[in-house]
Amino acid sequence: MTMNDWDRIKTLFNEAIELDHASRARFLDALAEEDQPLRPRIAELLEFEVDRTSDTTMTEDIGAEIGTVIGSYKILERIGEGGFGLVYMAQQQVPIRRQVALKVLKPGLDSQQVLARFHAERQALAMMDHPGIARILDAGATESGYPYFAMELVRGEPITTYCDRHLLSLRDRIELFRQVCDAVQHAHMKGVIHRDLKPTNVLVTSHDGRPVVKVIDFGIAKALGHQLTDMTLFTGLRQFIGTPAYMAPEQAELSGLDVDTRSDVYSLGAMLYELLCGRPVFDRETLLKAGLDEVRRMIQEDQPARVSVRFSTSNEVDEIALRHQSSPSALGRLLRGDLDWITGKALEKDRRRRYDSASDFSADLGRYLEGDAVEAYPPSLWYRGRKFTSRHRVGLVVST
């Protein structure tokens, strides 16, 4: 087996281990034909991982059944599972009664690296105070010594799913997305980079009949200028930190180049791109088929099609337009021009050419919604004149 094969196995295994049992089965079934020789090895590794943790988790799994109490929290049901944490819906019993999300470190995964990541996520959430970020409420440890923290229970769905299911118009999608930018800007102002922004980590819930976003999962967050934990956090040189489909080029570097807030801006751009045209920046099947080095090259070098082009060349333009409450021709016209330029600036390979901040990104989207000239395109007299004429057509007619 070649080194590239091992790299590919590692990439696929790390992706599969994040999934629940049913999703892992679908993941294995979806492997492309050229990965068929590797599939048995990946399945074997997954089976080994289950066997390896079953002995150490059996007592804890039993202890986490419905009705079990961890600290002052009564377990109601398991609602999520990540690479190193189990998330439960729980009932806080004292000093007040309320439902919370309880995240507990997976038994058996108590290495220094995993503990450091768990504590870093807990500390990152503790620093936040924003309606668009799930709040941490409490922290402690189980009787077995595994750390946990309680956070706001978010009853929502991924932002892309929400927008499509509710048939949100282009304007409504952009306005909702600007809430995400505001939440991310708050995290940046607190000195925290999320590093894994993607639709499944941006949930939409409803408050008083209005959609509200909640950014979740700061499990691989990075601090700017300070440490989130006193524990040592080490990342292997060849380890991806983030999700390839939404990862900034500098996150895929082997050189160890530090990411900054503009890496999150790129991920925001990738999310907006998908919200607008119904397709991700990089085709997921293509990423799945590619080896680790090819995925890295694609992220760093391949220029995505303009958002309007990606929409117009889709074989589902009618369905995508319908989910925007629009027609293919009308949606295509809306995407061309300003939104091509805005998404293109956010997705620049060179981070120096991106928006400097999430708030700058949001501000340009605000200019677009108001019909003002956007900053994403090199300004020209013709462009700014056209925008001025469009906004003040009535006044110009009256004055002539």
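How many helices and strands are there in the protein? The protein has 16 helices and 11 strands, and the model you're looking at is a predicted one. Of its 400 residues, 49% count as buried. Among the contacts with a separation of 6 or more, 64% are made by residues 24 or more positions apart.

**View 1. Three strands, E7, E9 and E10, make up an open sheet.** The strand order is E7-E9-E10, and the pairing is antiparallel. On the edges sit strand E7 (157–158) and strand E10 (210–215), each with a pairing partner on one side only. Helix H6 (residues 170–189) packs on this sheet and touches E9 and E10. The direction of H6 makes about 35° with that of E10. As a reminder for reading a view like this, strands of a sheet pair through backbone hydrogen bonds, either parallel or antiparallel.

**View 2. Here is the pairing of E9 with its two neighbours, bridge by bridge.** Strand E9 (residues 202–207) is joined to E10 by six bridges, and the two run antiparallel. To follow the pair, look for Val202, whose bridge partner in E10 is Val215. Then look for His207, which has Arg210 as its bridge partner in E10. The E9 and E10 hairpin has two residues between the strands, and Asp208 takes a positive phi near 55° there. Over on the E7 side, two bridges join E7 to E9, again antiparallel. Glu157 finds its bridge partner in E9 at Val204.

**View 3. His186 is a residue of helix H6.** Is His186 buried or exposed? With 14% relative accessibility, His186 counts as buried. Setting aside neighbours within four places in sequence, His186 is in contact with Met128, Asp129, His130 and Ile133. H6 is also the helix that packs on the sheet of View 1, touching E9 and E10.

**View 4. Helices H13 and H14 pack against each other, with axes that come within 11 Å.** H13 covers residues 338–346 and H14 covers residues 358–370. Their axes cross at roughly 180°, which means that H13 is roughly antiparallel to H14. From H13, Asp338, Leu339, Ile342 and Ala346 take part in the contact, and they meet Phe361, Asp364, Leu365 and Tyr368 of H14. Sorted by class, this contact has six nonpolar residues, two charged ones and no polar ones.

**View 5. Asp340 and Arg306 form a salt bridge, with the closest N and O atoms 3.7 Å apart.** What does this pair tie together? Asp340 belongs to helix H13, while Arg306 is in the loop between helix H9 (292–301) and helix H10 (307–312), so the salt bridge links parts that are 34 residues apart in sequence. Asp340 counts as buried, because its relative accessibility is 8%.

**View 6. A few more of the salt bridges are gathered here, from a count of 21.** Lys198 and Asp196 meet through their side chains at 3.7 Å, N to O. Both ends of this pair are tucked away: Lys198 counts as buried at 18% relative accessibility, and Asp196 counts as buried at 11%. Another salt bridge joins the side chains of Arg353 and Glu348, at 3.4 Å from N to O. Arg353 counts as exposed, because its relative accessibility is 51%. Finally, salt bridges that share partners bring Glu294, Arg297, Glu301 and Asp302 into one network. In general, side chains of opposite charge can pair when their charged atoms come close.

**View 7. Ala270 lies in helix H7 (residues 261–277).** Ala270 has a relative accessible area of 1%, so this residue is buried. What does Ala270 touch, not counting residues up to four places away in sequence? The residues are Ala245, Tyr246, Val281 and Leu347. Gly344 is worth finding too: Ala270 and Gly344 are 74 residues apart in sequence, yet their C-alpha atoms are 9.6 Å apart in space.

Terms used. Residues are numbered from 1 along each chain as its sequence is written. This is a predicted model: local features need pLDDT of at least 70, side-chain atom pairs count only at pLDDT 80 or more; totals for chains, interfaces and linings use all residues. Side-chain values use heavy atoms; hydrogens and water are left out. Axes are lines fitted to C-alpha atoms, for helices over the stretch in contact, and angles run from 0 to 180 degrees between N-to-C directions. Helices (H or I, at least four residues) and strands (E, at least two) are DSSP runs, numbered from the N terminus. Angles under 35 degrees count as roughly parallel, over 145 as roughly antiparallel, 65 to 115 as roughly perpendicular and the rest as oblique. Contact means heavy atoms within 4.5 Å. Ala, Val, Leu, Ile, Met, Phe, Trp, Tyr, Cys and Pro count as nonpolar, Asp, Glu, Lys and Arg as charged, and the others, Gly among them, as polar. A salt bridge is a side-chain nitrogen of Lys or Arg within 4 Å of a carboxyl oxygen of Asp or Glu. Buried means under 20% relative accessible area, exposed over 50%, partly exposed in between (1.4 Å probe, protein chains only). Two strands pair if DSSP finds at least two bridges between them.
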